[in-house]
Amino acid sequence: MTSPTTVHRPLRPYGRSGELAVLDTLLTRLRRGDGGALVLTAPPGTGRTALLDHAVAAHRSPGAGPVLHTAGTPAERWVPYSGLHALLCAAPEGAVPGGPDRVLRDGLGPAALLGLLRRLGVGRPLLVCVDDAHLWDPDSRAALAFAARRLGPGGRAAVLIGAGDETSFAGLPALRLGPLDDDAAAALLDRITGHGGDGGARRGVDPVVRGELIREAAGNPRLLTDLTARLTSGQLTGRTPLPYPLPGADDVLAAHAARVGHLPAGTRTLLLIAAAAHEHEPEGTGADLALVRGAAASAAPVPAPLTAGVLQRAGDRVHFTHPLLRRALLHRAPPHHRRAVHSLLADRLAAGPDGLAALVQRACAASGPDAPLAAALEAAALRPRPHAERAAALVRAAALTPDGAERAARYVAAAEQTRLAGEPGRARGLLAQAGVQAGRGAACAGEAVHAGQGRAHAEHTRHPGCAGRDACAGDDVHAGQDPGRPERDRHPQHAAAHLVRGLLALRDGPVPDAHATLLTAARLLAPHDPGRVRDALLGAAEAAWAAGDALGYLDALTRIPVGRADRVLAQYRDGMCAVLRGRLGEGHTLLRRCLGSAARSQDPGTLLRAGAAGLVLGDLDAACRAGARALDAVHVSGADALLPQALEHLAYAELRAGRHARARAHALDGLRAARRTGQSNTVAPLHAVLALAASVESGTRECAAHADAALAGAAPHGLVQAATLAAWAQARADLAAGRPAEAAARLDPLVGPGPRRGHFAIRMLAVPCYVEASVLSGRAVRGGAVDPVGEAVAEFAVWASRTTDPQVPAQLARCRALLAPAGEAAGRYGEALAHHERAGGDFEQARTRLLFGSWLRRRRRTREAREPLRDALVGFERCRAAAWAARASGELRAAGEAVDAAGPSGAAAPLAALTPQQQRIARCVAEGATNREVALRLSVSTRTVDHHLRNVFAALGVRSRTELAGLLGGGP
C-alpha cells in the first residue's frame, strides 16, 4: 500500500477576508477604548477556531493588552460554572479574588463577572475569547452573555465568542461563517499539499481530483484537509484512480451529528427521515416535504416540528442548512434504525409514478446482496432519465449484485453514465472498482448499500478472498484473470471498460493513446456488442483528428459499421473519406446530403458531425446553425460531457464566419464547462479559439496568454489541431503589430512541406497569413527555383476551387496581388475587393484594403492610398479589431492624413511634435525593433530609419532607445 501523502496544516484562514476585516475592526476599536462583543457561529470544521486564533494572536502583539482565551469541553458541559473556571484560569495571577477555584465552590454571578472583566481591562484593553462556548454549562453561558451585552463604547474589554449557533447568545452581534467558495478551497488545497504556495501555480493536484475533493468537502476546510490526508500521492496527481467512495472524516461528521444529539427523539427521527429522503433525489434539490412529514407521522405518534437552524423549507421542498449535517445523520445513525427509515420511505414511494425512487430506498435498506433488486435497479436505469440518475441506480445495483462478473459489468455501465454526466474522476474510480469486482468473482457477498451526499456508497465487509486496497488501484476490468486465456473467453465488461477508458482519455489524456485504446475496444466489442463498435471507432477517429493524423482518421472512419437506419452517419463517413482521398466532388456532394439529412435530427452527436461537415464544405452559416442546434440538444439531453465539445464546435464555426465576439463568448462558456467536467483536451483548443479572437480584437498580449495556455495543454497530450490554431493566432497577432518576420517564422513549419507541417485541416486556412507575412518581411522568393510561398498559393488555389467558403476567393486574389509584379498588383487587389463585396465580412475586407493602401503608399501614390486605408480603419473599428485599427491608423498618418496620434497606450502627447513617419518609427523602436527590422516593416531603407531616428531623439529630448521606450510606455 502506498503511504498517504504528507499534509501541511494551513497557516492562515483561506477565503475569509471579510470575516478577518470584521475582527480587525473589533480589535482596532478595542485599542481605542471602545469595547464590544461578537459571536462567531459556524458548523464544525469551517475555520471558526482559526479565525479566533488569528484575533488572539493579533491582540497579543507587543504593546497590546491581556487575553483570556479558553474553549468549551463536552465532558464538562453539565458541571456548574466549569466554563467560567476555565476562563478565569487564564487570568493573570492574583487578578481573581479568592482564585479561580472559588468559582466552582461559590459560583460567580453575571454582575460579578462583568465587574471582574471591567477591572481587568483597566489600563490596557482586555480581549476575552471563548471557543466552542455552546459546550459550556448553562450558568457559565448565561453569565458570559450578560457581561458581553454590557461591554460597549467607553469600555476597555471586548468579548469574542465562538459557538455552533447563536441561540445561547441572543441579542449579541453575530457573524455566521459560510462554506469556502471553490477558489478559496483550491488555494487551501494547494497549501495543504505543498503545491503552488500562496497563489502559486496549481500543478501538483490533478484538476479532476481537485474538483472531486472540493465538491466532497462542501466548503469545509477541516474535511478538505482530512480527505486530502487520506489519499496517496498517486491518487492526488491522478496516476491512480480515487477510491470510491472517498474516505470520510469521522470526527467532522461526529461533530455535525452532535449538534442535534440533544434534541428530542421524535425530532431526531424526523431529521433522519429527511436525510434519508434526499437519497433518491438529484443532488441539491432537497426532499419532498409531504413525504418527509407523512413518513415522520407514521414513525412517531407525536409529530415533531421542523427544526430551525437544521432544516429550511423552500416551497414544497425541504433542505438541510448544511450538506455535511445530512451526511452526518446517515453516517452516525445505528444501521438497523437507518434501514428501518429507508424501508418506511420505500413503502410510501411504492405507489409513485416512477419506481426508481422506491427502488433506491429499498437498496439503501438492504442488508446484503439482493439479485432481484439489483436487476430492477438496472432495468430502471435503462429508461430515459438524466445520466447522473442512471449512474446512481447502476452503482446501487452493482453493490447489491452477488455475482462478481455481473457486478463488474454494472460498475462499468455506471462508469459510462457517470462519464456522460460530466464526472470523469468518478468514472475512473468506478472502472477501478469494476476491476476489483471482476477479480473477486463471487467470493465476496458481504456488501450493503448505503448512500451519502446524493450517490451510492458501498460498505464493504472483507471476507477471505476479497481484494485489498492494492487491488483497488488496478485499472483493468479483467484483473485477476489468466492473461493467457483466449480473447473470445473474456467477459464483455472487459471490452466495455476499454471503451469507457478510451473515451475518458479522449477528453483528458494523450490522444494517440486514446486512439489506440478505442481501436482495441472496437476489436473487443465486436463479438459482444456490435452497436458499441461504432461509438469506439467514432471516438478513435476524433482522437486521430485532434492529433493531426489524417491516415489514422481515415482508417477509423472506414471501419465504422453503418446500418440502413444510420443514413446521416453513412453520408458523413463516406463524404469525409472521399475528401481525404482527394475525391472532392464526390465528398462534397455526400457532405451536403449529410447536412440536409441532419436538419431533422435531435441527436447531439449527429448535429456535431453535421457542423463539421459544414466546416469542411466551407458552408459556415450551415456549420453555425448545426452547432447551435447541437448545443441545444446537449442541454435537452442532459449529457454534460458533450457540453464543452458543443461549445467548442460552435465557437470555432462562429470564428470562421468572422463573428469573433460570439466565438469568444462561446469559448469562455466552453472553458468553464471543460474545467468543471475535467476535460483538459477541450481546454486547449478553446484557448486556441480565444487566441484567434484576441489576435483580431485585443492584440499581442492577450493572444499570447491564450496561445501559451493552448500550447501548454496541447504538447503533453499530442493535440496538433490546438497547437496549429495557437501558432496561427500568434502569427496573426504579429502581423497586426507590424512584425511580419516573426509571423512568417511561426507559419513556415505549419504551411510548408515536411514532417513538422501543421494540422491537415487548418494548413490551407493559414496560407493567406503566411503569404502576407512572407511578402511583407521580404522572405518571399520571386522567380527562384525554390519558392515555398508560390507553392503554397498554388495549393491554396486548388483548395479554393473546391470550397464554398465565401472569403476564400477574395483571399486567393489578395495572395496573388501580394506576389504580382507592380503592373498587375492593382488589378489583383481590385479583384479581391470585388469578391469581398459579394462575400461580406468586415475583417477580411479591411485586411485587403489595408494591404492595398499600404502598397499604394509605398509607391508614393499617397493620395490614392488614403481611401482604402480610411476604409480599412473604419472596417477594423466596426469589428473592434483594435490592434489592426492601430496599424491602419499608422499607415494613414504616413499617407499624410491627420489621424488621432494616440495609440492603444494613449501616448498622444509625446508624439504630437513628430511627423507621421517619425511617429511610426518611434513606435517600432519603442517596441524593441532594430533599425533593420523597422526598415523591413515600413518598406524603407535602414539609412532612412537612422536619419529619422536621430531627429526623433532630438525632438523628444531623449538620448537612448531605452529612454524612448520609457517615454512612450513601451510602445503601442
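Biologist: How many disulfides does the count come to here?

Modeller: The count comes to zero disulfides in this structure, which is a predicted model. As a general idea, a disulfide is a covalent bond between the sulfur atoms of two cysteines.

Biologist: Which cysteine sulfur is closest to that of Cys 815, and why is there no bond?

Modeller: The closest one belongs to Cys 769, and the two sulfurs are 9.2 Å apart, so they are too far from each other for a bond. The cut-off for a disulfide is a sulfur pair within 2.5 Å.

Biologist: Happy with that. Is Cys 815 buried or exposed?

Modeller: Buried means under 20% relative accessible area. Cys 815 has 1% relative accessibility, so this residue counts as buried. Cys 577 has 5%, and therefore counts as buried too.

Biologist: Let's turn to the empty space. How many cavities of 30 Å³ or more does the structure hold?

Modeller: A cavity is a space where a probe fits but cannot get out. This structure holds three of 30 Å³ or more, and the largest cavity has about 70 Å³ of space.

Biologist: Which helices each supply at least two residues of the lining of that largest cavity?

Modeller: They are H20, spanning 424-440, and H22, spanning 492-507. H22 gives the largest share, with three residues. The lining includes Pro 424, Arg 428, Leu 503, Leu 504 and Arg 507, and also Ala 641, Thr 677, Gly 678 and Gln 679.

Biologist: Good to know! What is the make-up of the lining of the largest cavity by class?

Modeller: There are four nonpolar residues, four polar ones and four charged ones. Arg 419 and Asp 508 are also among the lining residues.

Note on methods
Residues numbered from 1 in each chain as written. Predicted model: local features only at pLDDT ≥ 70, side-chain atom pairs only at ≥ 80, totals over all residues. Heavy atoms only, no water. 1 Å grid on protein atoms, 1.4 Å probe; cavity = no way out; pocket = protein on both sides within 12 Å on 5 of 7 lines; lining within 4 Å. Points joined across faces, edges and corners; volume = space filled by probe spheres on them. Helix = DSSP H or I, 4+ residues; strand = E, 2+ residues; numbered from the N terminus. Nonpolar A, V, L, I, M, F, W, Y, C, P; charged D, E, K, R; others polar. Buried < 20%, exposed > 50% of the residue type's maximum accessible area, 1.4 Å probe, protein only.
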